[in-house]
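Please read the following account alongside the sequence and the coordinates, moving from single loop residues to the cores and then to the chain as a whole.

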Amino acid sequence: MLWEKWRYVWLLAWERQRRLHDHMLYLQDVERVRQFSWEEWRKRFLKFMNHKKSRLTDLFRKMDKDNNGLIPREVFIDGIIGTKFDTSKLEMGAVADLFDRNGEGLIDWQEFIAALRPDWQDRKPKTEADKIHDEVKRLVMLCTCRQKFRVFQVGEGKYRFGDSQKLRLVRILRSTVMVRVGGGWVALDEFLVKNDPCRGMYSLSLVSILSFYYTLRYRSLG
């Protein structure tokens, strides 16, 4: 009986100590956010990434699931916390606020990297992989549907399109971004027209309109 009482008191003391410790950490986070300095945070994060020998673009492209250059605020916060960088939800909220100025809940990761490393755009060589990624993003953004056709970058020069699990090789051939199809290569824009339902419908509608127009014109001339 005495053992049970002692154990009960010990558990109460342990729980109280845990709560005090958690509250102390919370107060430290609040103080850190109150004195938040972007410049200090930027230097800490770059030092951390350099120590890990990790590329910033690789980190954010993994978060960019829709391949449109925008990362949802919570995905952005959780993604950086997931790197084990010494930060917190409160501090990351302050960082996200700097780049989610209009309150839409989206972070432009290229704008974020440019702020992290102001010389990034000047010193960054445009590799073939970068050019391919930029062109894929540009063409995907042309879709005006609410639910855009999704493209996933699996690796350098390797993509998955739409709901298909098939891996496609993507290369630049004669200054044109091409997709490997069967034993040959197809221009990316042509590939999207054939595989993106939205573009396929648009292409079909355009053909129908032109056909109707020329039929009317032919009849009026006849």
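Lys 53 sits in the loop that links H2 and H3, and in this predicted model its phi is near 55°, a positive value in a residue other than glycine. Most residues other than glycine have a negative phi. Lys 53 counts as exposed, because its relative accessibility is 75%, where the threshold for that class is over 50%. A comparable description applies to Lys 84, which is found in the loop between H4 and H5: phi of Lys 84 is near 75°, again a positive value in a residue other than glycine, and with 70% relative accessibility Lys 84 counts as exposed.

Two aspartates in other loops are buried. Asp 64 belongs to the loop between H3 and strand S1 (70–72), and its relative accessible area of 5% explains why Asp 64 is classed as buried, given that buried means under 20%. When residues up to four places away in sequence are not counted, Asp 64 touches Gly 69, Leu 70, Ile 71 and Trp 109. Asp 100, for its part, lies in the loop between helix H5 (89–99) and strand S2 (106–108) and counts as buried because its relative accessibility is 9%. Leaving aside neighbours within four places in sequence, Asp 100 is in contact with Arg 73, Gly 105, Leu 106 and Ile 107, and with the side chain of Arg 73 the side chain of Asp 100 makes a polar contact at 3.5 Å.

These loops fall in a part of the chain for which UniProt, in an unreviewed entry, gives the feature "domain: EF-hand" at residues 51–86 and 87–122. In the model, residues 51–86 are 53% helix and 8% strand, and the end C-alpha atoms of that span lie 13 Å apart.

Which residues have the most contacts inside the largest nonpolar core? That core has 24 residues, and the residues in question are Trp 41, Phe 45, Leu 56, Phe 60, Phe 76, Ile 80 and Phe 112. At least two residues of this core come from each of helix H2 (38–52), helix H3 (56–63), helix H4 (73–81), H5 and helix H6 (109–116), with H2 supplying the largest share, 6 residues. Ile 80 illustrates the packing, since, leaving aside neighbours within four places in sequence, Ile 80 is in contact with Trp 41, Phe 45, Phe 60, Met 63, Phe 85, Met 92 and Phe 112. A second core, separate from the one just described, has 15 residues, among them Leu 139, Val 140, Phe 149 and Val 179. In soluble globular proteins, nonpolar side chains tend to be buried together.

Further along the chain, helix H9 (residues 188–195) has Leu 188, Phe 191 and Leu 192 as buried residues. Viewed down the axis of H9, the buried residues fall within an arc of 100°, so they line one face of the helix. An α-helix has 3.6 residues a turn, so residues three or four places apart point the same way.

Taken as a whole, the protein chain contains 10 helices and 7 strands, and 32% of its 222 residues are buried. Of the contacts between residues at least 6 apart in sequence, 50% join residues at least 24 apart. The accessible surface of the chain comes to about 15400 Å², and carbon and sulfur atoms account for 56% of that area.

Notes: Residues numbered from 1 in each chain as written. Predicted model: local features only at pLDDT ≥ 70, side-chain atom pairs only at ≥ 80, totals over all residues. Heavy atoms only, no water. Helix = DSSP H or I, 4+ residues; strand = E, 2+ residues; numbered from the N terminus. Buried < 20%, exposed > 50% of the residue type's maximum accessible area, 1.4 Å probe, protein only. Contact = heavy atoms within 4.5 Å. Areas by Shrake-Rupley, 256 points an atom, 1.4 Å probe, with all protein chains shown as cover. Polar contact = N/O pair within 3.5 Å; in protein donor to acceptor, adjacent residues only side chain to side chain. UniProt positions renumbered as here; feature names shortened; annotations may be inferred. Arc of directions from axis to C-beta. Core = buried A, V, L, I, M, F, W, Y, C linked by side-chain atoms within 4.5 Å.
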